[in-house]
Amino acid sequence: MKKAFYILLIFSWAIPSGFAQLKTYSFEEAEKLAKENPKPFVVFVHTSWCNYCKMMENSTYKNPEIIKLLNTNFYFIPLDAESKTAIHFNNHTFQFKPKGPNTGIHELATALATINSQVVYPTVTILESDFSITFQKHSFLNSKQLFAILERIK
C-alpha cells in the first residue's frame, strides 16, 4: 500500500499542473462559433492507418506551444478522411463516398486535402472564417514547421 502511494505521488509530480489540452471542434461547432468570434480553421485531414498522421497526433499536436497557439487563434478540426458520418458545413452536406467494398473517402476530405489532383495524408488545410482555403500542405509537419506556418497566418 505504501509503495502504491509513492508511485502515485511520483506520477502526480511528473505531470505538469499547467498541462494544456488541445481544443478540438466539429465543423458544425466551428462554423457556429466563427459567426460570433471569427478565427481561421485549421483542419487536420488524417486516417486511422496513416503512420505520419499518428506521429503528428503524438508529437506536433501535443507540443505546448502549438496547443496554446491553436487554442487561442484558431478553431482546430481533426477530420478522419474515412469517416462515414455526414458533415453539414458551409450550407452543404458532405458524405462518405465508397470506392470499393472496404474503402472510400469523405467528400469533405477530398475538398480540403486535394492538391494537384491528389489526396495525401496527413494534410493540414487552413481556412479563413469565410471558408476560403489560405494554406494546404501534404506531409508530416513537426512542431517548429507548424508553429512558423501558424504564426504567419494568425
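A salt bridge joins the side chains of E151 and K154, with 3.5 Å from N to O; the term denotes a side-chain nitrogen of Lys or Arg within 4 Å of a carboxyl oxygen of Asp or Glu. The model described here is predicted, so local features need pLDDT of at least 70 and side-chain atom pairs count only at pLDDT 80 or more, whereas totals for chains, interfaces and linings use all residues. Residues are numbered from 1 along each chain as its sequence is written, and side-chain values use heavy atoms, with hydrogens and water left out.

Within this first pair, E151 is partly exposed at a relative accessible area of 35%, while K154 is exposed at 52%. Buried here means under 20% relative accessible area, exposed means over 50%, and partly exposed lies in between, for a 1.4 Å probe and protein chains only.

The structure holds 3 salt bridges. Side chains of opposite charge can pair when their charged atoms come close. Another such pair is E57 with K54, whose closest N and O atoms are 3.6 Å apart. These two residues are separated by about one helical turn, because they stand 3 residues apart in helix α3, which covers residues 51-58. Helices (H or I, at least four residues) and strands (E, at least two) are DSSP runs, numbered from the N terminus. Both partners are partly exposed: E57 has a relative accessible area of 23%, and K54 has one of 34%.

The side chains of E107 and K97 also meet in a salt bridge, at 3.7 Å from N to O. This pair links distant parts of the chain, with E107 in helix α5 (residues 107-113) and K97 in strand β5 (residues 96-98), 10 residues apart. E107 is partly exposed at 24% relative accessibility, as is K97 at 40%.

E57 appears again at the largest pocket. About 210 Å³ of space lies in this pocket. Of its 12 lining residues, those closest to the centre are L22, T24, E57, Y61 and K62. A pocket is defined on a 1 Å grid over the protein atoms alone, as an open set of points where a 1.4 Å probe fits, with protein on both sides within 12 Å along at least five of seven lines; lining residues have an atom within 4 Å of a point. Grid points are joined across faces, edges and corners, and the volume is the space filled by probe spheres set on the points. The lining divides into 8 nonpolar, 2 polar and 2 charged residues; Ala, Val, Leu, Ile, Met, Phe, Trp, Tyr, Cys and Pro count as nonpolar, Asp, Glu, Lys and Arg as charged, and the others, Gly among them, as polar.

Two buried residues complete the picture. V43 lies in strand β1 (residues 41-46) and has a relative accessible area of 0%. Its C-alpha atom is separated by 6.1 Å from that of I126, 83 residues apart along the chain. Leaving aside residues up to four places away in sequence, V43 touches several residues, including F27, L112 and V124; contact means heavy atoms within 4.5 Å. S143 is found in helix α6 (residues 143-153) and counts as buried at 19% relative accessibility. With the same sequence neighbours set aside, S143 touches S59, T60, N63 and I66.

Confidence remains to be considered. The protein averages a pLDDT of 89, and 88% of the residues score at least 70; pLDDT is the predictor's confidence in each residue, from 0 to 100. Over residues 4-17 the pLDDT is below 50, and this stretch has 0 contacts in the model beyond near neighbours in sequence. Where pLDDT is low, the predicted coordinates should not be read in detail.
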